[in-house]
Structure formats: C-alpha cells, structure tokens
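Visitor: I am new to this structure and should be grateful for a close look at one part of it. Please describe the salt bridges there and the surroundings of their partners.

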Amino acid sequence: MPHLLDDLRFAGRSLAKRPGFAAVVVATLAIGVGANSAIFSVVNGVLLEPIPVREPARLVVPDVISPLGYSISLSIPNFRDWRERNRVFESFGAVMTRNQTLTGLDRPQMIEARLVLGDFFETLGVPAAIGRTIPSGETEAGAAPVAVVSHVFWEQQLGGTAEVLGRTLTLDGEPFTVIGVMPETFVFPSANTQVFLPMGFYADRLCWDNRGCSQGSYAIGRLRDGVTLRSAQADMDRVAREITELEGDKQATAQLYTLSTFFVGDVERQIWILMGTVAFVLLIACANVASLLLARGESRRREIAVRTALGAGKGDVVRLFLTEAAVLAAVSGALGVLVAYGILKAMLPAIADGLPSALVGRIGIDGSVLAFTLGITAVASLLFGVVPALRSASPRLTEELKEGGRGGSGGVSRQRLRSVLVVGEVALSLVLLIGAGLMLQSLTRLQHVEKGFDEQGVFTARVGLPSI
C-alpha cells in the first residue's frame, strides 16, 4: 500500500508536468467512455432491465392478423374465445385507449384513459399502491363506473392524499369512483396513461358482439409455468382453426410475441448496432492513447534506465506505468459520466418517438450505468496501459538506449509496434466510416421515395373530442 500511494503521488506530479499530454489523453478517453455509457444507459433501460411487472418473461402479447394478412386490433368476441379456448395461458386480459375529457378540477383537460377487460391487472401481477385494482368480474358488460388512477395523476391532479379513495372523477360528463392508485413504477402500457376504467361500462357504445370489428384493443396473456412461446403459438393456431370452423369462414389469427419484443420491436437491433459502434469508438480511443503513451515512454527511457540502475525491478516499473494509466482512466471516467449525461440530454428528444413512453423514462444515469462506466474505464486502462508499461520495463532497456541512438533493432521494434496500433486505428475508423456512409446513403434514398401524393402544403392534426 505505501508503494501504491507513492506511485499515485508520483503519477499525479508527472502528469501535472505535462498538462497538454494529460488533457489530450483524458479528452480522448472521456469521449469514448461517455459515448459508451450513454448508449449503455439506453440498452439498460430498454433491453436489459425487466419491465416492472411480475415475471415479465412469461407475458405474451398476441398480434392479431386479419384473414387478409395484415395486423388489426382485437375484437371482443375473439378475445372471449381466445381466453376461454386456450390451454396455455394462466390469465388473459385486454386493454384499449379511450381518451377522456376530465372536468370538475382546476380546468377541463384531455387525459389518456385505458379501458381494461378480463384479467388485465391479474396478468400483470402489480397490485395497487392504495386501494385495489379492477378484477376480471368487474370489467364485463354492465360494469360499475369505477376508476384506478396512475401515481402521477394521483399526485398532480388529486393532491397525493390517501383520502382519494371514493373520490369522484367526471370523465366525458360521467362520474367515476376512484378505487385505487397504481404504484409509481407502473407505467404499462404507457407512461402517459392516467386512468384505468372497466371496458364493460362502455359495452353499449362498443361493437361488443361483432367479431369482425377492430376497435383498438389488444390482449396480454401470462403463460402457464413451463409453457414455451412455440407451444403457446401452436395452441393459439388451434384456437383460430376452431373459430374458423365455428364461423364458417376464415377468421383472424394470433401471432405471439414476448412482452419485451412487443415493446421494443425492431428498435432492439438498432440499439445493439449503436452499442457496437460506440465500442469501436472506444477501441480507437484506446489505440490512440496507447500510441501516445508509447511515444511518451520513449522520452522517459533515460529515467527508467536510472530507476533500473538504482534497483527498481521490472514489476516496479510496470506498476508505475499502470498507475499513471489508472489515474488517466479515472479522470477520464469521471469526465465521461458528464459527457454521457450531455449526450443523453441531446439524444433522448430525438429517439423518444421511436420508443414506447413506458421505456423512455427508464433511460438515465443510474447505479447500473455508473458500474458499467467503472468497468469499461478499468478495461480501457488495461487496454492502453499494459503494452506501454511492459515495453518501458523491457529488461534490454540499456541495450535499447544504445541501439536507439544508432537506429538499431530496438528502435525498429518500437516503430513496428506503433505502426501496428496506427493500422488498427485506421482499420476500425474505416469500418465506422463505411457504415456511416451506407447509413447516410440509405437515409438519402428514403427521403426521395415517392410517397404517392403531393405533400406540399399538407399537414395533419389530431383533435380529441368527448364521446356523445
């Protein structure tokens, strides 16, 4: 430990004498570490951290495929048959969006409401933080006007008090009694959802018994323990065949997806590609810093020769150089966290539209991201520090000093090593440039795809009106 403290003090003094060198190294590494940490925060929030529901790996979302082969929403009769005839689901629920006009508070406002049917809350396995949820039996036709509110709605609109239970909300001119408040972490199916209502209350205003009616609802099911997605798909194919035989003509089928795939979809591949890209950036940064340290080691050869002559062993010299690399990496990692924060602040508004709102709120600098930053900083310090350290601690250092002055084999060997690093940097950079060029070419072509109509002067708008 005393030797380590001495090495740390010496490393600090040595780097302080060459602030330009230290600044270049720190800036180079901070960009690489910051970019990796920023993208990892997206990977962690969107792909790695489980959605805050009970056993999310067992949750499945059926995509409804029409007889003509395209995706549609789920009709209520199909929901009933799928729920009753399947043999693979432990529970089965449905949900649909129905925006409501909220009155009776400070001012009228449009809120995002979700109508639930069947075992919606039971399937997700998330109990209410206050009060209770809406059970399956209270979601069918003739359901009572009750409401479960989100945690954000409870805090912002209802004062965040426990006396909320029994309070009346006026939605589209109709009174609903609040029976529960969901936990703060519950953001399914959207972080923007503010109120959950029983779908059965609106049975007379929905195509409740029309099998061919797609009204914007979709289902979610929880697989029985031990049931695979493949076996569940086979069972739902059987159910679709039975319904087709019952109705006499071809009916909609179900294409099952895991909850994670349903949420993320094609974005998963794009995120991993982006993660690989910034990993290349970090490798380039490490190769660049290794070249800088090798060059700096050349200027310190006489110093190392003196240390060796005074009794310093190879391990002492290696430890000295690795300590300097660790100090540079530590400063770069700390600065990299700030870089990551800045990248996320600029990036999130651009990617928010391509991700479900329930996942966007999970992206940020948290403990997992900090641990990842610490890990890649340690790995980076080894990547760029080990080779220069071993090279500078060469047992033939005295001979290399003599040969270096005459342009001997030692100088050729060092030049060859630096050349290898430069070639590696160029190769990695070329891969990134080719990928970026192909992406820009694809974007350019997409911008010039014929839309089939004249878009000049055309705009769209959404106006939410209360139901009559």
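Guide: The side chains of Glu90 and Arg58 form a salt bridge, at 2.7 Å from N to O; the term denotes a side-chain nitrogen of Lys or Arg within 4 Å of a carboxyl oxygen of Asp or Glu. The model is predicted: local features need pLDDT of at least 70 and side-chain atom pairs pLDDT 80 or more, while totals for chains, interfaces and linings use all residues. Residues are numbered from 1 along each chain as its sequence is written, and side-chain values use heavy atoms, with hydrogens and water left out.

This pair links distant parts of the chain, with Glu90 in strand 3 and Arg58 in the loop between helix 2 and strand 1, 32 residues apart. Helices (H or I, at least four residues) and strands (E, at least two) are DSSP runs, numbered from the N terminus. Arg58 counts as buried because its relative accessibility is 14%, whereas Glu90, at 42%, is partly exposed. Buried means under 20% relative accessible area, exposed over 50%, and partly exposed in between (1.4 Å probe, protein chains only).

Glu90 also meets the side chain of Arg54 in a salt bridge of 4.0 Å, N to O. Arg54 lies in the loop between helix 2 and strand 1, 36 residues from Glu90, and is partly exposed, with a relative accessible area of 34%.

Strand 3 (89–97), which holds Glu90, is among the elements that cover the buried residues of helix 3. Those residues of helix 3 (residues 76–85) are Ile76, Pro77, Asn78, Phe79, Asp81 and Trp82. In total, the structure holds 17 salt bridges.

Definitions and conventions. Contact means heavy atoms within 4.5 Å.
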